[in-house]
Amino acid sequence: MQFGFFCQVVLLVLDIHACIAQDPLNFRQLVVFLVHNFRVDHSLLERRGALIIRRLCVLLDAERVYRELSTILEGEADLDFACIMVQALNLILLTSSELSELRGLLKQSLVNAAGKDLFVSLYASWCHSPMAIISLCLLAQMYQHASAVTESLVKEDINAKFLVQLDKLIRLLETPIFAYIRLQLLEPGRYIWLLKALYGLLMLLPQKSSAFKRLRTRLKTVPLCSFNGDQLKRASSGNPYSQILCHSGSQISEDGDITQDNGNLQNGINFASRLQQFEQMQRQHRMLAKSQAQSRISSA
């Protein structure tokens, strides 16, 4: 009873703030204030974060809210909080019905300039979390880059927190949100980089974990007989940006570039630069973790 009443109060307060935030300056201040409150009270993010974010997305446009949050978190000094916040935002993005249009836009990133622009906008802050970046790439069908990011995780400390996030991603792959990915696995020759990305995730998991068994069971259903020699060579060549797919008279590489018949590039994304951006952010997180570990040792 009290919980329901409290939620109603929160929603009413958000409605009032949303009316005030119609002005661009007030909108920015509202989102900054919200992030600040989540930073100083992590329990608020854990208990009410999804409710607050989803409601704001309904009242103020989901894309606008997510772009602003991404801009703020990109420059967040508290790296641990930024990682937690991005993971929360990513889960909301993947599971909330209020954000279905945003997911639809991201799925069109390969062929839609607006989707590509949104993908790039979220990418910078999503770099705080490896699993958030991989799930964003899978949602946007950027499978070559998902494979490249997965391979780069060899530098990461595969600790309990990392495995918990990876387990959550594997569970999400079995939900209706990613049904299109499971159907694409029926054409492994066409989506070879998707398959390579998923096998990369499998190799990061302990063999006795439930996530390993779940993903391995899914991959066993893939009809591998549809591969040909050239496709296998391309996937193992070390160049994750070479596969070409056919789409509406154009050639679409799964790294997000569309090559028109006249040779002009449109809607392109520099994924080599994006990968460097991700690795640089993860390097900062590793340095912070190392510093925190040294501090704990010194205190002990």
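Helices here are DSSP runs of H or I with at least four residues, numbered from the N terminus. That definition helps with what follows, as several spaces in this predicted model are described by the helices around them.

## Overall build

The protein has 15 helices and four strands. Of its 300 residues, 47% are buried. Take the contacts between residues at least 6 apart in sequence: 69% of them join residues at least 24 apart.

## The spaces at a glance

Two cavities of 30 Å³ or more turn up in a search of the whole structure. There is also a largest pocket to look at.

| Space | Volume | Lining by class |
|---|---|---|
| Largest cavity | about 70 Å³ | six nonpolar, no polar, four charged residues |
| Second largest cavity | about 40 Å³ | one nonpolar, two polar, five charged residues |
| Largest pocket | about 740 Å³ | eight nonpolar, eight polar, eight charged residues |

## The largest cavity

Start with the lining of the largest cavity. Its residues are Ile170, Leu173, Glu174, Ile181, Arg182, Leu185, Leu198, Arg214, Leu215 and Arg218. Which helices each supply at least two residues of this lining? They are helix 11 (179-184) and helix 13 (210-220). Helix 13 has the largest share, with three residues. By class, the lining has no polar residues.

## The second largest cavity

Ser152, Lys155, Glu156, Phe278, Glu279, Gln282, Arg283 and Arg286 line the second largest cavity. Helix 15 gives the most, with five residues. Charged residues number five in this lining, and one residue is nonpolar.

## Glutamine 282

One residue of that lining, Gln282, deserves its own look. Glutamine 282 sits in helix 15, which covers residues 271-299. Is glutamine 282 buried or exposed? Its relative accessible area is 4%, so glutamine 282 is buried.

What does its side chain reach? The side chain of glutamine 282 comes to 2.6 Å from the backbone oxygen of cysteine 127. Set aside the neighbours within four places in sequence. Glutamine 282 is then in contact with Cys127, His128, Ser129, Pro130 and Glu156. Glu156 also lines the second largest cavity.

## The largest pocket

The largest pocket holds about 740 Å³ of space. Its lining counts 24 residues. Which of them lie nearest its centre? Asp80, Cys83, Asn159, Lys161 and His285 do.

Four helices each supply at least two lining residues: helix 5 (79-95), helix 8 (130-139), helix 10 (160-172) and helix 15. The largest share comes from helix 15, with seven residues. Helix 15 also gives the most to the lining of the second largest cavity. By class, the pocket lining is split into eight nonpolar, eight polar and eight charged residues.

## Cysteines without a bond

A disulfide is a covalent bond between the sulfur atoms of two cysteines. How many disulfides does a search of the whole structure find? The search finds zero.

Why does cysteine 137 have no such bond? The closest cysteine sulfur, in cysteine 127, is 9.1 Å from the sulfur of cysteine 137, so the two are too far apart for a bond. The cut-off for a disulfide is 2.5 Å between the sulfur atoms.

Cysteine 137 is buried, because its relative accessibility is 0%. Cysteine 83 has a relative accessible area of 16%, so it too counts as buried. The cut-off for buried is under 20%. Cys83 is also one of the residues nearest the centre of the largest pocket.

Note on methods
Residues numbered from 1 in each chain as written. Predicted model: local features only at pLDDT ≥ 70, side-chain atom pairs only at ≥ 80, totals over all residues. Heavy atoms only, no water. Buried < 20%, exposed > 50% of the residue type's maximum accessible area, 1.4 Å probe, protein only. Polar contact = N/O pair within 3.5 Å; in protein donor to acceptor, adjacent residues only side chain to side chain. Contact = heavy atoms within 4.5 Å. 1 Å grid on protein atoms, 1.4 Å probe; cavity = no way out; pocket = protein on both sides within 12 Å on 5 of 7 lines; lining within 4 Å. Points joined across faces, edges and corners; volume = space filled by probe spheres on them. Nonpolar A, V, L, I, M, F, W, Y, C, P; charged D, E, K, R; others polar.
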